[in-house]
Amino acid sequence: SMIWIFSRVISYLGILLYNILLNGLVGCIVFQLWKRFEKSWKNKGAYTLLYGLLKIVILMFLIPFCWTYVTFQNYDFHTGFRYNDYPWPLDNYRMTALFLGPILIWLWGMARSVRKYAKEKHHLKTLKFLGQKLEKEELNAVYSVVPPKLVPRKKIPVVVCPGLASPMVAGLFQTCIYIPRRDYDPDTLGLILSHELTHVSHQDLFFKNLCAAITIVYWFCPFLQEMFWTYDCWSEVLCDLKLCDGKQAAWSAKAYYSVLLKEIEKTGTQDLKMCSGLYETEKTIKWRVESMKNYHMMKEQSKALAFLLAALFLFGCPLAVTASGNAAVKGLSKVYDQTLIHIEETEESQEQYRDPSLEQYGTLDENEEIIILPKNPEERSGGFTTTEIPAGARTIFSEAELTKGESVNLSVTILSGNGPVEIGIVKDQTTRSVSFSSKGNHIFDIDVAGMYKIFVKNKGTDTVTIEFFYSY
């Protein structure tokens, strides 16, 4: 039905939003950790290390490390156990409803952010359309002023654009260098092209586009613009280092920055996120010059402390994933449990095991820990197992499509640990269960056809080991 389809779509969007929030939490923690160490790395002249680790920070926002950790924590791929009915929104429509409002707000904000970047993309396409793409002979002549070691095997196209304020390089898949229609002397043109080619070799366009994607998805976190600006600054410094420092430097720092200052006077500023250009301010160019001076002063110092801090940072990344994942599971498990309808019976004796009046109905908690045990396809009608259940966890043993008139026979014995335990069945958001302090069994008669899950929940405060039998 349309209602089921709509609910399913919202469920998957809810999982996507949940994944994004997990990534955002981990990414923000890791970025703050990186900022704690930034000054120490800079003071030690460990610019390349600092720059590489900042790329790791960016990836933490996009690669679902935390989602993977939570999945492995809540699903046993070897046995098929599932804990707390994870992922929660798929099997709990009430929890899905809780996600609906945030999902709509998030999609609305993303649409606004996408429009902003679509305008920038259109601007770049217009530049390319109105500009003059250099032919092979002209392109070879232009690249002849670039130091040979910087010329890529496949020459990147150069487009001369009327009205363009500053040279820049753009395009993730169809990369082009855009230069204004000016009469550049060979040395200036060679430096400009070398600078843009260095951005390409450093994969800066790739990571700047990733930053753009992050600001679209996490539009509700404006402080992430700081990460975008920080990466932009350090990418420029690393270009400067490659071109005017060391044995392979093609220019002196004085000559290099003199050319940049002359270009900056003609450009001003422009807010372009998906390209690398010379849109600088006096403040940023001053910071770059000071960073270069600091590097020359510190590059001979020992980098032992810098590498030690890098090791601490890399150690902190999985800690951030683990802490964020555990906090998310604990919090959402509580929400999950509160959105279930519980129908629970009192503890019964062996002779009363089929009395429907003893059954208690309840609502499945979204955030309680759930463990799912494996199901043998050859034993679809039942099973017997011995397993441990952590305190407060709900273990799903089997799922089956049952018809009205069928019955489910459950029997449990606590082998070690203190109960009580709750045995029962779940359909949608409604549980039917019976609690036992040591052992017992119960038959649940199916009065409504549908998909049912068979579970045992540890209601005690310690881990219990149980023998459990079920048949249907």
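**Helix crossings, a sheet and one loop residue**

Me: What are the closest approach and crossing angle given for the axes of H2 and H8?
Reply: The axes of helix H2 (residues 47-60) and H8 come within 10 Å and cross at roughly 40°, where axes are lines fitted to C-alpha atoms, for helices over the stretch in contact, and angles run from 0 to 180 degrees between N-to-C directions. Helices (H or I, at least four residues) and strands (E, at least two) are DSSP runs, numbered from the N terminus. The model is predicted, with local features needing pLDDT of at least 70 and side-chain atom pairs pLDDT 80 or more, while totals for chains, interfaces and linings use all residues. Residues are numbered from 1 along each chain as its sequence is written, and side-chain values use heavy atoms, with hydrogens and water left out.

Me: Which residues of H2 and H8 meet?
Reply: Tyr51, Lys55, Ile58 and Leu59 of H2 meet Asp204, Phe207, Leu210, Cys211 and Ile214 of H8, contact meaning heavy atoms within 4.5 Å. By class, this contact of H2 with H8 has seven nonpolar, no polar and two charged residues, where Ala, Val, Leu, Ile, Met, Phe, Trp, Tyr, Cys and Pro count as nonpolar, Asp, Glu, Lys and Arg as charged, and the others, Gly among them, as polar.

Me: Why is Gln203 called partly exposed?
Reply: Buried means under 20% relative accessible area, exposed over 50%, and partly exposed in between (1.4 Å probe, protein chains only); Gln203 has a relative accessible area of 43%, and is therefore partly exposed. Gln203 lies in the loop between helix H7 (186-201) and helix H8 (204-217), and has a positive phi of about 60° although it is not a glycine. Most residues other than glycine have a negative phi.

Me: How do you know that the length of H11 agrees with its number of residues?
Reply: The expected span of a helix is 1.5 Å times one less than its number of residues; the 17 residues of helix H11 (residues 282-298) should therefore span 24 Å, and its end C-alpha atoms are 24 Å apart, which agrees. Among the buried residues of H11 are Thr284, Ile285, Arg288 and Met292.

Me: What makes S9 and S14 edge strands?
Reply: The open sheet of four strands has the order S9-S16-S11-S14, with antiparallel pairing. Strand S9 (382-389) and strand S14 (439-445) each have a single partner strand, so one side of each is left without a neighbour in the sheet. Two strands pair if DSSP finds at least two bridges between them, and S9 and strand S16 (residues 464-471) pair in the antiparallel sense over eight bridges.
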